[in-house]
Each structure stands twice: as C-alpha cells, then as structure tokens.
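Here's a walk through a few spots worth a look in this fold. Have the viewer open and follow along.

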Amino acid sequence: MQGFKKVLVALLVVATILGTIGPVFAAENTNAPSEAATRLQAIGIAKGDEKGNLNEDQPVTRAEAAALVVRALGMEKSAELMGGATKFADVNADPGLQWATGAINIAVSQGIINGYPDGRFGGRDQVTYAQFAKMMLYALNYGVTVEGGIWPTAVLAKADDIKLTDGLTVVANAPMIRGAVFKMVDNALDVKPLVQYGYGSSTLYQPGDQKLIQKLGYDELEAQVTAIPAADSTLKDDQVTVTLQKKNGADASGDKTYTVGQGVDVNGLFGTVAKLWVKDDTVIYAQQKTSDSDVYYDTIKSYSSSQVKLLALDKTIDLKSGVKTYVNYDGTATPAADEYGRFVKDNNQVSFINVFRFDKINGGIVTSVSDNEIKYFAGASATTRTLRLSQFDNVHVLSPKFAELSLSDVKADSVIYAWADGTDDLYIVVVGEKVEGKLDRVSTDKVRIDGKDYKVVQKADGTVLATVSTDEDVTVNSYTTDNAKGLVGEDVVALLGLNGRVQHLRGASAKTTGWNYGVVTNAYYSNGTLALKVFTKDGESVVYELEKEANWPTDNAHLNFGADNGKFYGIAYKLNSDGQIAKDKLVILPSMSGTVTLDSDTYDVYVGNVKKADKDQQYVTEDAATATRYYVDSGTVLMKVYDGTDKDPALVDWKVDLDGTTLTGSDPRQAIVVGTKDQSAKFILFTSENFQVASADYYFGVAVTDETFDSDNGYATIDVAGQGEKEYTFDSSAVSDITKGDLLAFRVTGDKAKNVTHIDVQASSLTVGATLANYGTASVGKAVYDVVQAVYNSGRYVKFSGVTYTVDADAVVYLLKSDQKFDMAGGVADIETGKHAIFLTKDNDDKLIKAIVIW
C-alpha cells in the first residue's frame with residue numbers, strides 16, 4: 001500500500017506539470033469543524049475569524065500558513081515578541097499583514113519559508129499543496145532529506161513517507177484550502193521530528209523520542225473513562241477519572257483523576273476507551289478510541305444476569321463477568337426493559353452499560369423553545385405541556401449518543417426524552433431528525449416513505465408508542481394502521497426518535513378513511529349512480545357518489561327532498577380510496593335516542609333538548625333527570641340546521657358561537673348527539689337556537705412560586721386554568737404560607753384575590769378519599785384527595801372512588817415529588833392508575849376538574 005501511495009503522488013505531480021489542476025480536499029462548507037480542526041482548536045493552533053468560523057473551504061494565504069506552522073511548533077509567544085518590521089518591503093507596506101509579521105520573521109529565521117527571488121514575500125498569495133508540504137517538512141527538521149531533490153516530487157514523496165498527506169488527495173500546484181491545511185498539521189502532530197546527532201562529516205539525523213504533540217507539552221493517553229461527576233459524587237463538576245492503558249505510546253496502568261478543560265466532553269465517553277491529550281493534569285482534548293463497532297446505542301428489550309437483548313438491533317449479547325452498569329448514573333441500579341443507552345463490548349461481551357430511564361418525558365414533540373421553558377406535546381394528545389427549565393439547578397442537553405449539546409439544539413419538531421435526579425439535575429436527550437416525503441404504506445410496526453421503510457417507536461412488549469396526526473397536529477392519536485391510513489398517498493413529515501424510529505407522523509389527509517359526520521341535504525341519481533349532497537366537517541357541500549350497494553334508502557322520503565323543504569339527515573360515513581362513500585360504511589343517525597355501531601365501536605345517541613348552564617362549561621347535558629353529559633373537545637364535530645329561516649347547514653364554533661353563552665332550561669337547544677355518555681361527543685347537530693350570556697366566576701390554579709409578603713399583602717404566581725401564569729395579590733391576614741404546588745380556587749375583585757380556597761398539598765393530615773374543602777354557589781365545587789382508580793382517553797377522564805371526572809381541556813396539571821413537594825408541570829397523560837392526586841372541581845360542577853396535582 002505504501003508503494004501505491006507514492007505512485008499516486010507522483011502521478012498527480014505529473015498531472016500538475018502538464019497543467020491539469022483538479023479539486024483537492026472535500027471539506028464541507030459548514031460551521032461544524034472537521035475532526036482535525038477540532039483537535040487543532042483544542043490546543044490553540046487553529047483559530048477562527050472574528051465570528052469564530054474556521055472557513056475550512058477557503059484557500060490559505062502564505063501569511064496564514066506561516067502563522068499556523070509557527071503555532072504548531074509552540075512558538076506563538078516568540079512570534080508576538082518578533083512582531084514589527086520584516087525584511088520584506090511588501091509586508092511592511094501592507095497594513096493588512098501586520099498581524100502576521102512576527103510569525104513571518106520566525107518562519108523565515110527557522111528556514112521554514114523563504115521569499116520570492118524578486119525580494120517579495122507575497123503574504124496574500126495562496127499556498128499550494130507542495131509549498132505547504134515543504135513548510136511542514138522543514139518545521140519538522142526533515143528539510144535535509146529533500147534538499148537537492150526534484151521539485152516538487154521529492155517534497156511530496158517525503159511528506160507521504162512520514163504520513164503528512166494521509167487522508168488528503170494531493171495536487172502539487174493546486175491552492176490548498178484551510179480544511180486540508182488543518183488535516184496536514186493534525187497529521188504532523190503524530191510525527192517525531194528529526195534530531196541532529198554529531199557535526200560535519202559525522203552528522204546523522206534520526207527521529208527523536210517524542211512526537212510533535214509531546215514536544216508541545218501534551219501527554220497522549222489511552223484510557224477508559226471510568227467515573228464522571230454525574231455518576232461519582234466525589235468528583236468535582238470539572239473532573240474525570242480514567243484507568244490508564246497507554247501513555248505516550250508505552251503501557252500504563254492505574255487510575256488517575258484529571259481536570260477537564262472547557263469545552264471538552266468526557267461525559268459522552270463514559271465507559272469507553274478514549275484518546276486524551278493532557279497538559280498540566282488537564283484534559284485538553286478527548287476522542288473515543290473504542291471502535292464504533294463495539295459501542296451500541298439502543299433500547300433494552302430484555303435483561304438478565306447473563307445477557308441483554310437490544311430492541312432495535314434485535315440482538316442478544318452475553319454480559320462479561322463483572323459488567324459495570326448504570327441506570328440514570330446510579331451504579332447500584334439494575335437495568336431493565338425499555339431503558340435506552342450505551343452498551344460497550346469487550347471481546348464480544350458487554351462490559352459496560354449506561355442507560356437512562358425517562359421518567360419525565362418519553363418522546364415529547366417540541367412545539368417551541370425559550371430560555372426558560374420547552375413547550376411540547378406527548379402521547380395521544382395535542383395538549384401543550386410546559387417543561388420549565390428554571391425549576392432545575394442544572395439542565396443537561398445530550399445527543400442520542402450522550403454527547404453534550406446546548407439548549408439551542410432543541411428546536412420545534414425535535415423529539416425529547418427527559419429524566420431528573422434527586423439533586424434537581426435535568427437530563428434531556430434530543431433527537432432532531434425528520435423524514436419528509438410521500439407516505440406509500442402503513443403497517444402495524446412501520447411506515448414506508450418514498451420507498452423506504454421506517455419502524456415506529458415501540459416498547460419492549462410491542463406496545464406502540466408512536467403517534468399520528470392527520471390534521472397537522474390539531475388532533476393527535478396513537479399510531480395504528482386505521483389512524484394512519486388517511487395519510488397514504490399524501491406528503492408527510494415523520495419525526496424520528498431514538499433508534500431512528502418514527503415517534504410522530506404528521507400530515508393532512510385529503511380523504512379521511514376514519515368515520516366522518518355530516519348532514520345530507522339531498523339525494524338523487526346522476527347518470528344511474530346514486531349520489532348524496534353532504535355538508536361536511538370542513539364546512540363544504542360535497543356531492544359523494546355511493547359505492548355499489550352502499551346502504552341508502554331509495555324511497556320517496558330519501559330522494560330529491562332538498563334542505564330548503566326543511567328535510568335533512570345526519571349521517572356517519574367513511575370514504576373508499578376512490579372518494580366514494582364506502583359500502584356498508586354509511587349510517588343514518590336515528591331520529592330517537594339509542595345507540596349506533598360504527599365498525600366495532602358502539603356510541604350513545606341522544607335526540608332531544610340539551611342544556612349548557614354556564615358560560616365556561618365545556619359540555620352539554622341531556623334535558624332529563626339524569627343530566628347525562630357530553631363533553632366538547634377538539635375532535636367534536638359541531639353543526640347546525642335550524643327549522644326556521646336559516647335552513648342551510650353551517651358549522652358551529654364552540655369558542656365563538658357557544659363558549660361564553662348559556663342555553664337555559666326554559667328554552668334549551670334541540671340537538672342530535674353522538675358520543676359516549678359522560679365522556680366526549682363525536683358529533684352534535686343543533687336543530688334550534690337560543691343564547692344567553694352568563695357571568696364570570698372562579699379561577700382555579702396551582703402555585704408556581706412561594707408566597708412573598710410586604711407589610712399589607714401576600715403575592716404568589718399562580719398558573720390558572722385558561723389564563724396562564726400571573727402574579728396575584730392575596731390578603732395576608734386571610735391567606736398565608738402559599739408554597740409551590742399548592743392548589744387555589746378564588747375570585748378576583750379589583751386587584752385582589754377574594755373568596756380564596758387554599759389547599760396545602762404538603763399537609764400531613766390528608767386522608768385518601770376525603771373532600772378537603774367546598775366552595776362556589778351552594779358549595780358545589782370541591783377539593784378532593786384520592787387515588788386514581790382508572791384512566792380513559794389518555795387522562796381526559798379519570799375515575800376516583802367509583803366516580804368518573806372529566807379533566808377540562810384547559811385544566812392545569814402539575815407533578816409532585818414523592819414527598820409531595822413541587823416538581824414540574826405535567827399533562828393529562830401523566831395521570832396514571834394508582835397515582836395520588838389532589839384536585840379542584842369547577843365551582844358549579846363537581847365532576848369537572850380544573851386543576852390537579854399528582855404524585
């Protein structure tokens with residue numbers, strides 16, 4: 001191979017002499033530095049421009065080359081002392097070269113570079129490969145080996161011989177770019193400079209005992225990173241402990257603790273063997289030495305005392321005797337299924353495991369980021385949650401390979417995973433990869449986008465954790481083939497999570513394969529095909545043909561009727577791939593209360609008067625003694641067709657048309673409702689109208705700061721349902737000692753909170769199942785402490801002591817630690833069976849939760 005490389009160099013020299021100069025070093029034009037540049041930056045050889053950019057794709061001038069070589073020899077301070085006049089008039093007359101005069105003087109005095117025969121230095125001229133190779137040879141004392149040789153063949157052959165040109169494609173007289181210069185200087189650090197022995201006829205040159213990097217004062221170590229501050233409380237934040245294997249090429253042993261230099265990431269090397277450059281007991285540079293093929297990043301599918309099975313790789317590996325394991329940096333914990341992390345092999349056995357158990361966020365989709373918080377949604381809910389970074393002493397952002405990142409690396413559409421330890425350190429693993437293209441196919445465990453298959457995120461037991469949205473994240477559902485089919489053939493965005501699997505699939509379905517709701521305003525035959533004119537959830541009147549044998553009655557009552565005659569039919573329907581109403585997928589909603597079955601799901605149907613007794617109420621009730629509720633959420637289709645003069649169907653906007661209004665008992669609204677009793681409504685078709693305005697009432701929230709005081713009042717910031725965070729003023733004689741995590745229900749009069757119900761969540765006298773307080777009109781509202789019995793619809797409906805409550809769409813949800821002290825903001829998906837909770841219901845609705853804390 002060495003002989004082949006020399007032939008290659010020689011051929012390229014001939015090509016240059018013949019006048020063919022081609023591209024040389026393929027450095028990308030990117031702000032991310034190459035590995036060579038990173039190493040040179042660490043030891044002060046490579047420096048960026050005024051913006052810090054290294055500009056690796058730009059050519060290098062002779063002045064810049066002289067400065068680089070002088071810095072590579074550790075003579076930068078000498079160059080500073082040698083600054084000033086040079087022997088070159090062109091340099092002295094050029095104000096833009098004065099920064100380099102010291103380096104030029106040093107380089108010339110050392111014989112590293114010379115001027116042109118006409119006496120110029122040419123500091124702004126570009127350096128060629130051959131010229132820079134000659135400079136490096138003379139800097140390393142190899143100049144004597146090429147003197148008298150053929151230019152540039154002798155120079156390039158010797159540069160190749162001592163590996164200066166490794167990783168470079170050299171064209172002798174081509175301008176050299178900065179990335180290529182950095183690579184050659186980086187190669188030079190591993191070269192042992194020649195040393196002269198004897199004088200005169202007895203002069204002998206031999207490589208010295210030290211590489212250039214060692215002559216610069218650095219020890220080159222190979223060592224396993226065995227302790228970092230996160231896993232060893234005896235270490236300071238800027239320390240690392242390693243087990244030595246080699247030092248400057250010689251075998252070494254023993255443990256040694258070093259200080260870690262600024263910007264050096266050793267946490268990302270935990271458990272691996274690393275190459276370290278150390279100076280004055282400080283690690284200046286660190287790079288993984290362990291082969292990438294011996295380091296896995298994956299999720300545990302199963303774990304035993306002798307083996308670990310990895311989920312994505314679908315591979316079982318034996319554990320080495322004495323394997324060291326860490327779970328969330330706890331060296332006493334045993335790894336378990338669904339934990340993600342690093343697995344290091346030694347002789348085909350796993351010798352080191354460092355995994356994370358994501359107990360805060362497991363696959364959150366980021367919507368926005370600021371200095372103090374990350375907003376995201378997680379699970380089968382589009383509800384925005386807030387991760388407040390100010391709650392933690394330290395926030396660590398890591399890549400999927402546990403390399404240190406910064407908060408700026410977390411962006412909208414990033415997928416995040418998080419856990420926190422007992423010292424209020426928050427660890428966030430961020431994945432920023434996405435795939436965009438046309439969705440070809442979906443199946444239970446993978447999707448195909450532009451011809452390539454991507455698996456979806458699953459737990460070890462096969463449970464799918466991925467989510468999907470067919471309306472650009474207005475609503476979010478669990479990933480299933482039925483939920484994703486509507487996107488087939490459409491452009492989609494797949495946000496990738498850990499292991500390169502799809503965490504969230506997003507798009508806009510042109511044809512929804514799920515059940516739709518609408519109003520049929522006419523039915524007729526067109527060219528022999530039965531067609532329905534349907535007012536859809538998109539607010540459009542669309543004519544749909546019926547697939548053959550689709551079930552629509554053909555009697556006179558169901559044909560050629562027209563809505564202007566006061567006749568209409570509410571329907572549920574599905575479309576086939578041709579955009580027709582599919583066979584056996586058309587249901588006329590009944591004219592009397594009962595049930596309707598859509599595929600395997602049976603829903604309640606109520607036909608009659610409905611009530612909405614309060615302006616903030618997010619549901620309607622049956623006008624009957626049972627007062628059964630149907631809750632309105634983002635997935636509820638709302639329409640109206642009135643019997644009066646307004647006969648055309650229209651959409652109803654709950655926030656605009658109904659939110660802030662009351663339907664009274666004396667004149668309620670006639671409606672057809674499809675849904676689940678005391679849970680959500682799928683479809684409400686209003687058939688009469690009446691509006692009345694109701695008055696404002698209670699605020700409900702969770703304290704996110706401790707109370708502070710002046711001489712008259714107390715002050716605390718409360719996250720209020722539907723309002724957000726705001727500081728409120730309290731009468732300190734009536735309310736005191738509000739602490740983070742406490743629940744409050746109150747009215748606001750003027751600039752003060754009044755009628756305050758304050759629940760101290762850390763009180764020692766709490767009894768499970770107890771009502772802690774009542775408030776509101778007739779004391780209907782209540783504060784309750786209980787244990788979650790069951791959870792429905794990803795936390796939207798929760799059962800306590802046999803009673804099902806609804807968590808309001810704008811309810812505030814917070815997490816407490818096991819000692820009931822404040823932890824962080826949460827979401828409805830954090831409400832899980834078996835957890836303890838204290839919650840506030842609405843002042844006039846004892847089944848609607850407005851604020852809840854859980855632990």
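Let's start with what helix 3 leans on: its buried residues pack against helix 4 (76-81), helix 6 (101-109), helix 7 (129-139), helix 9 (178-188) and helix 10 (212-215). Bear in mind that this is a predicted model. Helix 3 itself spans residues 62-72, and 10 of its 11 residues are buried, so the rest of the structure largely encloses it. Ala63, Leu68, Val69 and Val70 are among those buried residues, and so are Arg62 and Arg71. After the helix comes glycine 74, with a positive phi near 75°.

What sits ahead of helix 3? The loop between helix 2 (35-42) and helix 3 holds proline 59. Which residue has its C-alpha 4.0 Å from that of proline 59? That's isoleucine 177, even though the two are 118 residues apart along the chain. Leaving out residues up to four places away in sequence, proline 59 touches Glu64, Gln126, Met176, Ile177 and Arg178.

Now for the sheet. Seven strands make an open sheet with mixed pairing, in the order 23-22-21-26-27-24-25. Strand 23 (452-455) and strand 25 (477-478) are at the edges with a single partner strand each, so each has one side without a neighbour in the sheet. Further in, strand 21 (residues 434-442) and strand 26 (residues 491-496) run antiparallel and are joined by five bridges. Within this pairing, glycine 437 is opposite valine 492 of strand 26.

Over to another loop, the one between strand 31 (569-575) and strand 32 (581-588), where you'll find asparagine 576. Its side chain makes a polar contact of 3.4 Å with the side chain of glutamate 547. Apart from residues up to four places away in sequence, asparagine 576 touches Glu547 and Ala582.

Out on the surface, Val195, Tyr197 and Leu204 make a nonpolar patch of about 250 Å². Of these, tyrosine 197 belongs to strand 1 (residues 194-197).

How buried or exposed are the single residues picked out here? The table has three of them.

| Residue | Relative accessible area | Class |
|---|---|---|
| Asparagine 576 | 15% | buried |
| Proline 59 | 32% | partly exposed |
| Tyrosine 197 | 41% | partly exposed |

Asparagine 576 counts as buried because its 15% falls under the 20% cut-off. Proline 59, at 32%, is partly exposed, and tyrosine 197, at 41%, is partly exposed too.

Conventions
Residues are numbered from 1 along each chain as its sequence is written. This is a predicted model: local features need pLDDT of at least 70, side-chain atom pairs count only at pLDDT 80 or more; totals for chains, interfaces and linings use all residues. Side-chain values use heavy atoms; hydrogens and water are left out. Two strands pair if DSSP finds at least two bridges between them. Helices (H or I, at least four residues) and strands (E, at least two) are DSSP runs, numbered from the N terminus. Patches are made of residues with over 30% relative accessible area and no salt bridge: like charges are joined within 9 Å, nonpolar side chains (Val, Leu, Ile, Met, Phe, Trp, Tyr) within 5 Å. Accessible areas come from the Shrake-Rupley method with a 1.4 Å probe; for residues, only the protein chains shown count as cover. A salt bridge is a side-chain nitrogen of Lys or Arg within 4 Å of a carboxyl oxygen of Asp or Glu. Buried means under 20% relative accessible area, exposed over 50%, partly exposed in between (1.4 Å probe, protein chains only). A polar contact is a pair of N or O atoms within 3.5 Å; within protein, one must be able to donate a hydrogen and the other to accept it, and residues adjacent in sequence count only if both atoms are side-chain atoms. Contact means heavy atoms within 4.5 Å.
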